[in-house]
Structures are given as structure tokens and as C-alpha cells.
Amino acid sequence: MGYYEFKITVADESRDALLQKMSEIGCLGAIDNDNALIAYFPDSLGINAITETLNPFRKTLKESGLDDTILYEYVYIGERDWNESWKKKFRPIDIGENITILPPWEEPNNQRINLIIDPGMAFGTGHHETTKTCLTLIEKLSRELLQKERFLDFGTGTGILAIAALKLGFKHAVCVDIDPLAVDAARRNAKLNNIQNIDIKEGSISDIKGNFDFIAANLMSEILIQNAREITSRLKKSGFALLSGMIVVQENDVIKAMEEDGLCILEKSYYGRWVSLIAGWR
Ligand code: SAM
């Protein structure tokens with residue numbers, strides 16, 4: 001199998017809608033690189049199917065009141081060159097005060113907390129705004145929390161948040177994801193980081209038992225709202241819930257659902273149009 005590598009210029013405000021559309025038609029992964037989005041598609045899709053999705057999507061963006069600029073160029077990459085091409089684009093990235101995310105083929109920086117992430121096909125390379133904010137907040141709150149026994153990563157993707165939490169001093173992490181590819185990626189990344197105190201399960205939060213000092217949930221707002229009761233019922237009285245993955249216009253609905261179940265919003269963080277909330281019992 002070969003691949004098409006697309007270099008796409010798109011406005012920040014339109015980027016997530018475009019990513020979602022590309023993922024619907026079979027995009028294998030996308031990363032930010034030199035102010036462009038680099039996206040990979042299997043050649044089995046056919047180049048026409050890809051361009052015939054991208055071109056009319058400008059109209060959809062415009063109708064949603066978003067910037068409709070989509071400029072792209074692409075190259076064909078044979079199977080043998082795929083890994084090399086992907087590797088060249090996925091570079092280390094510093095986040096928060098002391099975290100560095102790096103792929104397995106880069107040398108760790110011994111002055112920093114290294115998270116080795118093989119992106120595979122799962123979400124969570126650390127390049128997305130929500131993942132960056134979650135990592136920054138987990139780093140900050142792990143200094144404030146007195147009890148750091150149990151961490152829950154609801155919608156774990158590559159496992160990046162749980163791996164960070166364990167490296168920041170949590171004793172044990174439980175990770176869930178409904179996507180089997182994410183579960184495989186999270187297990188692979190736990191191994192790459194030499195982490196044992198982690199349980200990674202296919203499923204959702206309703207499949208998890210026990211209480212947690214920290215619950216990270218970087219998910220779409222609808223999933224956060226649907227699972228408000230599941231989240232609150234698993235949060236210890238002294239713990240924090242990190243609710244992320246919503247955009248500004250969805251913030252109030254998530255807050256309402258959490259407050260109905262007794263949680264207070266303690267902190268809000270904004271990154272572009274993305275919002276992350278810290279909730280607790282006081
Ligand atoms: N935690 C990673 C991060 O912060 O980068 C990945 C977050 S990604 C936005 C959301 C993940 O949640 C995806 O891997 C998706 O498969 C998973 N997911 C979506 N709905 C879910 C549900 N109801 N239960 C468990 N996982 C779910």
C-alpha cells in the first residue's frame with residue numbers, strides 16, 4: 001500500500017472541522033508542521049475521493065461562518081518511504097514547565113520529563129490544543145494534590161495523559177477507550193515508557209470501578225454531558241476532574257451537567273476556541 005501526504009494550509013478556526021471531515025473519509029493521521037497540517041491518506045481511497053472531499057468542504061466551512069481557505073498540495077509516498085516521511089515530521093515538543101513529548105526514535109532530554117509516544121493511529125500526540133492544556137493542568141495540579149493514588153484517563157487515546165500522570169507521581173492509572181486501536185496504542189506507549197502500574201481497558205467509564213484522585217476526560221462535550229454522573233460518582237472528595245475537549249459555545253452545557261451532579265468549577269483554561277475545566281467538590 002502507498003500513501004498520499006497532503007500539506008494543507010487552513011485557518012486555525014477551521015482546522016478541527018477539517019480534521020473531523022478528513023478522519024471520516026479515512027485519513028490515517030495528521031500533525032502540525034511548519035504552519036501547515038500534514039495529513040496522510042491510504043492510496044486505496046483514490047486521489048479523486050480525497051480532493052473531491054476537500055474542495056467542496058470550503059463551502060461547508062463558509063456556511064458555518066468559518067474561514068473557508070483550504071490550500072493544499074500532495075505527494076505520493078510508496079510503502080517503503082512511509083515510516084521515514086512520518087518520522088521526519090513528528091518532532092519533540094515541550095509542554096508545560098517540564099514535559100517533553102517525543103517519538104521513540106528521538107533521544108530523551110534528561111533535564112525534562114520525557115513522554116515517549118508512538119502516535120500510531122490514535123489521537124493524542126500532544127500536538128492538539130486540548131492535549132497540551134490537559135498536560136499543563138495535570139502537571140500543575142499534581143503539585144497541589146496531596147493524595148496521588150489513583151488516576152483515571154477516560155478516553156485515553158495514545159495513553160498520553162495517564163503516562164504523564166504516572167511520571168508526575170501518581171501511583172496507579174486506569175485508562176479506558178472505546179476504540180481498540182487506541183487501546184493498542186496506549187498499551188504500546190506504556191511499554192515504551194517502561195510503565196507497569198497502569199490498567200488499559202477497551203470500554204467506557206461505566207466499565208470502571210473504584211474512586212479516583214484525578215479524572216482526566218478529554219472528550220467531546222456530548223460524551224462529557226452524558227457521563228456527568230459516571231464522572232462525579234468516581235471522583236474522591238479531595239480529587240479533581242479535568243474536563244476538556246469542548247469548544248467555547250459548549251462550555252456552559254458541560255458546566256451545567258457537572259454542577260447538577262454537585263461538582264464546582266474551580267478553574268477554566270482557554271486555548272484558541274478550546275476550553276478545559278477543572279472541577280472539584282468545593
Ligand atoms: N486522552 C487523549 C488526549 O488527551 O490527547 C485522547 C483524547 S481524544 C480527543 C478522545 C478519545 O476518547 C478517543 O481516543 C476516543 O476513541 C475516545 N472515546 C470517545 N468516546 C468515548 C467513550 N464513550 N468512552 C471511552 N472512550 C471514548
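## The ligand site and its neighbouring strands

Strand 8 (150-154) and helix 5 (160-167) each supply at least two residues of the shell around the ligand. Helices (H or I, at least four residues) and strands (E, at least two) are DSSP runs, numbered from the N terminus. The model is predicted: local features need pLDDT of at least 70, side-chain atom pairs count only at pLDDT 80 or more, and totals for chains, interfaces and linings use all residues. Residues are numbered from 1 along each chain as its sequence is written, and side-chain values use heavy atoms, with hydrogens and water left out.

The ligand has 18 residues around it, a residue being near if one of its heavy atoms lies within 4 Å. Those that come nearest are Thr-131, Gly-155, Asp-177, Ser-204 and Asn-218. By class, the shell holds seven nonpolar, eight polar and three charged residues; Ala, Val, Leu, Ile, Met, Phe, Trp, Tyr, Cys and Pro count as nonpolar, Asp, Glu, Lys and Arg as charged, and the others, Gly among them, as polar.

The table gives polar contacts, pairs of N or O atoms within 3.5 Å.

| Side chain | Ligand atom | Distance |
|---|---|---|
| Thr-131 | oxygen | 2.7 Å |
| Asp-177 | oxygen | 2.6 Å |
| Ser-204 | nitrogen | 2.8 Å |

The protein buries 84% of the 600 Å² that the ligand exposes when taken alone (Shrake-Rupley method, 1.4 Å probe).

Asp-177 also stands opposite Glu-202 in strand 10. Strand 9 (residues 172-177) and strand 10 (residues 198-202) run parallel and are joined by five bridges; strands pair if DSSP finds at least two bridges between them.

How values were computed: A polar contact is a pair of N or O atoms within 3.5 Å; within protein, one must be able to donate a hydrogen and the other to accept it, and residues adjacent in sequence count only if both atoms are side-chain atoms.
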